[in-house]
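Visitor: Please choose one part of this structure and take me through it closely, with the cut-offs stated as you go. I would like a connected account rather than a list.

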Amino acid sequence: MGQSVAGPEIERLIQLLARLPGLGPRSARRAALHLIRKREQLLGPLAEAMRVAEERVRTCTTCGNVDTSDPCTICADARRDASTLVVVESVGDLWALERADATRGRYHVLGGALSPLDGVGPEELNLRTLVDRVAGGGIREVVLAVNATVDGQTTAHYITESLAPHGVKITRLAHGVPVGGELDFLDDGTLTAAMRQRTAF
Ligand SMILES: [Zn+2]
């Protein structure tokens with residue numbers, strides 16, 4: 001650890017910023033300095049936006065998405081196709097599909113992927129509610145939009161077996177998704193094509 005160049009309040013700000021994805025200690029210092037310089041235009045409004053988000057953000061009890069309302073904006077939108085359920089690992093993947101305008105269906109967010117090595121079993125994921133939703137009826141197709149990783153594919157197989165008794169059509173994204181690929185890092189065109197050319201699982 002180097003010598004502190006600022007008081008503990010600023011050091012604390014830098015330490016917290018350094019925990020953000022994509023920000024190392026060096027860029028956290030730059031960001032902190034920028035915020036402090038733009039105290040009125042940026043630091044104040046950002047602090048307020050974070051306070052409000054912290055207070056209002058909740059997890060949708062229907063789909064597992066995060067939003068400021070429960071049910072979330074997507075679940076509450078009557079124009080969305082309720083017969084198509086797109087299963088994703090994370091909210092980041094949901095955002096990626098929405099950004100690409102890849103589907104008009106609804107979502108189910110698992111909160112991760114099955115990973116026996118990392119001790120992530122079915123109970124750790126939002127899987128029971130998925131089976132409950134399908135069992136509740138009205139869903140014709142379940143699209144497995146999971147990552148093309150080993151864990152993602154393990155999860156896809158598990159879901160396929162869990163949903164088998166319910167006679168729902170199960171599809172997965174086409175192989176425009178590179179093996180090992182994570183949805184959040186794909187460009188919009190690839191993502192839209194993969195959704196359009198999805199195949200029976
Ligand atoms: Zn929802």
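Guide: Two residues are said to be in contact when they have heavy atoms within 4.5 Å of each other. By that rule, and leaving aside its neighbours within four places in sequence, cysteine 72 is in contact with Cys60, Cys63, Asn65 and Asp67. Before going further, note that this is a predicted model, in which local features need pLDDT of at least 70 and side-chain atom pairs count only at pLDDT 80 or more, whereas totals for chains, interfaces and linings use all residues. Residues are numbered from 1 along each chain as its sequence is written, and side-chain values use heavy atoms, with hydrogens and water left out.

Cysteine 72 belongs to the site of the zinc ion, whose protein donors are Cys60 (SG), Cys63 (SG), Cys72 (SG) and Cys75 (SG), lying 2.3 Å from the ion. A donor here is an N, O or S atom within 2.8 Å of the metal (3.2 Å for Na, K and Ca), and since water is not among the atoms, sites may look incomplete. The angles among the 4 donor atoms run from 104 to 117 degrees, and the site is tetrahedral, a label given to four donors if all angles lie between 85 and 135 degrees. Along the chain, the donors of the zinc ion follow the spacing C-x2-C-x8-C-x2-C. Cysteine 60, in the loop between β1 (58-59) and β2 (66-67), and cysteine 72, in the loop between β2 and α4 (73-76), are 12 residues apart, and the pair links distant parts of the chain. The helices (H or I, at least four residues) and strands (E, at least two) named here are DSSP runs, numbered from the N terminus.

How buried or exposed are these cysteines? Both cysteine 60 and cysteine 72 are buried, a word that stands for under 20% relative accessible area, with exposed meaning over 50% and partly exposed the range in between (1.4 Å probe, protein chains only). Cysteine 72 counts as buried because its relative accessible area is 0%, cysteine 60 because its relative accessibility is 3%, and cysteine 63 because its relative accessibility is 2%. With a disulfide taken as a pair of cysteine sulfur atoms within 2.5 Å, the count comes to 0 disulfides.

To place the site in the whole protein, the C-alpha atoms of cysteine 72 and threonine 154, 82 residues apart along the chain, are separated by 28 Å. The C-alpha atoms of the protein fill a box of roughly 65 × 35 × 35 Å, taken along the principal axes. The protein has 8 helices and 7 strands, and of its 201 residues, 37% count as buried. Among contacts between residues at least 6 apart in sequence, 56% join residues at least 24 apart.

One of the helices, α2 (residues 25-37), offers a view of burial away from the metal site: its buried residues are Ala28, Ala32 and Leu35. They lie on the same side of α2 because they cover an arc of only 65 degrees around the axis, the arc being that of the directions from the helix axis to the C-beta atoms. These buried residues pack against α1 (8-17) and α3 (39-56), while the face of α2 turned away from its buried side carries the exposed residues Arg26, Arg30 and Arg37.

Terms used. Four donors count as tetrahedral if all angles lie between 85 and 135 degrees; four count as square planar and six as octahedral if opposite donors are over 155 degrees apart and all others between 65 and 115; anything else is irregular.
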